[in-house]
Amino acid sequence: MDYNKINSEIENVDINAIPPEDEPQRQYYFIKLLRRWMEQKVKEEGRELTCCVNTFGCQMNARDSEKILGILKSIGYKETNSEEADLVIFNTCTVRENANLKLYGRIGQLKKYKDRNPGMLIMLCGCMMQEKEAVEKIEKSYRHIDVIFGTHNIFKFAELLAMKVLDERLKRKILVDVWEEEGGIVEELPSERKYFFKSGVNIMFGCNNFCSYCIVPYVRGRERSREPEDIIAEIESLVNDGVVEVMLLGQNVNSYGKNLKNTVTFTELLERVEQIEGLKRIRFMTSHPKDLSDSLIEFMGRSKKVCHHIHLPLQSGSSRLLEIMNRHYTKEEYLELIEKIRKAVPDIAITTDIIAGFPGETEEDFNETLDIIEKAGYDNAFTFIYSKRTGTPAASMEDQIPEEIVKERFDRLLNKVKEISAKKAAKYVGKTVYVLAEEKNNQEAGFITGRTEQNYIVHFKGNEELIGKIVPVKLCESKGFYYYGEM
Ligand code: 5AD
Ligand code: SF4
């Protein structure tokens, strides 16, 4: 992915012809149209137009937002953090119900900005927009929204924006374009990066697992893998551009490559990524315990670049609940897996996701979860209160757990996680480890914040020139999830 090449292709498009059918040329056409429109706007307004992209949810959404921002910058928008911008985009999440509720509040607040700046555009995208009820509610009650699109047609972003700003007939309407079916994977579109030295890289989209509580397969569609050549080319171009760390992204990276014409395993992909000269660190997210292969574990043990950290969602420690959750492993199998990983990669950090209050969860089931946290010795765990998502099998299960009981269990869960992870973090104190310096610390002047290979956060004294470099730091004091260190 060569951005100079993409740019010159955009400039070479003939905007007097009809839009091409093929992608990404079709989007190049609309980007060029929007560039001309932007030049005109800047003249009229006597100032640059601003945009603000707000991201909710997971790493996938974060990466999608970078793609949107890449197109916006290529059109000529200036990025701002303020929601009083000329174009505001909310890239939404719907994994839990309260994410939806919060979003309605946030878009309601935008109305006052739009009253002050009638030319303001508001666009909504992401997982929540794949839900019919959510879109219907917005169309009915939030008429100040301009465009709604989904997860499958994000590559059409430039076209949708062009339709909205250039087609007079659409000026007063909410333009809704949400696809029920997955679109193809479109390569070679402009993209931005939040950090110049690290980047997420999608290796696959969608999920086939249908865990019974989870809405992701309904809003992100079936699993599709990118061709390994496209992934390698993207990473090579990122490395040429100064990137030293990549995070390979997918809902279940361990099943990467299964649906390609020439099948490739995730380990084979990693082996190829490892060969890229200049790349220093490789991370990946998320792994499903049922698909984690021996070859991957073995490779993690011998790789020079794959970071010694694995995120391995457990969800529950009760084999009975795991079966109802459709997770395809038992408590015992999960623990065996952990043992195998630790044997192959002794200094690995293991993190997880756990849900409290899944329908039918008994006190006994919950105690199994607390027990496995102890036994697995997690470095950290993201804990969630079960949230009922309409359309998933778990939503219609009997025995939904009363709120007070879930809250009480959630508190116990959190305390357990804190206790275990604090013990774990204390073990590294006194050690010197390599830290990728990522940003200056906003709370403490003269301090830099970075991450260890195990993904622990470290604050240490240093200047901004270190940002993007991997430096040795002695971990002096542990604060649970983060450290103070000395370079
Ligand atoms: N309720 C609570 N947590 C959920 N997750 C997914 N769906 C739900 C739900 N309905 C959690 C899982 C997953 C993480 C990303 O979000 O733990 O691993
Ligand atoms: Fe949801 Fe399960 Fe797919 Fe993860 S693996 S996205 S929890 S369905």
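Visitor: Let's start with the hairpin: how many residues lie between E16 and E17, and which turn residue has a positive phi?

Guide: A hairpin is read from its two strands and the link between them. This is a predicted model, and in it E16 and E17 make a hairpin with four residues between them. In the turn, Asn 455 has a positive phi of about 75 degrees. Strand E16 covers residues 447-452 and strand E17 residues 457-461, and they pair in the antiparallel sense over five bridges. For a pair to click on, take Thr 449, whose bridge partner in E17 is His 459.

Visitor: Which strand pairs with E17 in the parallel sense?

Guide: That would be strand E19, residues 482-486, with four bridges to E17. Val 458 stands opposite Tyr 483 in E19.

Visitor: Back at the loop, is Gln 454 buried or exposed?

Guide: Start with its place, then check accessibility. Gln 454 sits in the loop between E16 and E17. It counts as buried because its relative accessibility is 9%, and the cut-off is under 20%. Beyond its neighbours within four places in sequence, Gln 454 contacts His 308, His 309, Asp 347, Ala 349 and Tyr 428.

Visitor: And Ile 385, which residues is that one in contact with?

Guide: Same routine. Ile 385 belongs to strand E14, residues 380-385. With a relative accessible area of 33%, Ile 385 is partly exposed. Setting aside neighbours within four places in sequence, its contacts are Arg 96, Ala 356, Val 406 and Phe 410. You can also look at C-alpha separation: Ile 385 and Ile 354 are 31 residues apart along the chain, and their C-alpha atoms are separated by 8.6 Å.

Visitor: In what order do the six strands of the open sheet run?

Guide: Read a sheet by its neighbours in space, rather than by strand number. Here the order is E2-E1-E3-E4-E5-E6, with parallel pairing. The edges are strand E2 (78-79) and strand E6 (175-177), each pairing on one side only. Inside the sheet, strand E3 (residues 87-92) pairs with strand E4 (residues 121-126) over six parallel bridges, and Thr 92 stands opposite Gly 126 in E4.

Visitor: Which strands does helix H3 lie across?

Guide: Helix H3, residues 59-75, lies across E1 (50-55), E2, E3, E4 and E5 (147-149). Its direction is at about 170 degrees to E1.

Visitor: How many residues of strand E10 are buried?

Guide: For a strand, check the burial and then the two faces. Five of the five residues in E10 (residues 245-249) are buried. Glu 245, Met 247 and Leu 249 point one way, while Val 246 and Leu 248 point the other way. E10 has parallel partners too: five bridges join it to strand E7 (residues 198-202), and five join it to strand E11 (residues 281-285). Lys 198 has Glu 245 as its bridge partner in E10, and Met 247 stands opposite Arg 283 in E11.

Visitor: Why is Cys 93 not bonded to Cys 127?

Guide: Check the sulfur distance. The Cys 93 sulfur is 6.3 Å from the closest cysteine sulfur, that of Cys 127, so they are too far apart for a bond. The whole structure holds zero disulfides. Cys 93 itself is buried, at 14% relative accessibility.

Visitor: Last one: which residues surround ligand 2?

Guide: The shell has Cys 207, Asn 209, Phe 210, Cys 211, Tyr 213, Cys 214, Val 216, Pro 217, Gln 251, His 288 and Arg 327. By class, that shell divides into seven nonpolar, three polar and one charged. One of its members, Cys 211, is buried at a relative accessible area of 8%.

Notes. Residues are numbered from 1 along each chain as its sequence is written. Chains are lettered from A and ligands numbered from 1 in the order in which they are written. This is a predicted model: local features need pLDDT of at least 70, side-chain atom pairs count only at pLDDT 80 or more; totals for chains, interfaces and linings use all residues. Side-chain values use heavy atoms; hydrogens and water are left out. A residue is near a molecule or strand if one of its heavy atoms lies within 4 Å of it. Ala, Val, Leu, Ile, Met, Phe, Trp, Tyr, Cys and Pro count as nonpolar, Asp, Glu, Lys and Arg as charged, and the others, Gly among them, as polar. A disulfide is a pair of cysteine sulfur atoms within 2.5 Å. Buried means under 20% relative accessible area, exposed over 50%, partly exposed in between (1.4 Å probe, protein chains only). Two strands pair if DSSP finds at least two bridges between them. Contact means heavy atoms within 4.5 Å. Axes are lines fitted to C-alpha atoms, for helices over the stretch in contact, and angles run from 0 to 180 degrees between N-to-C directions.
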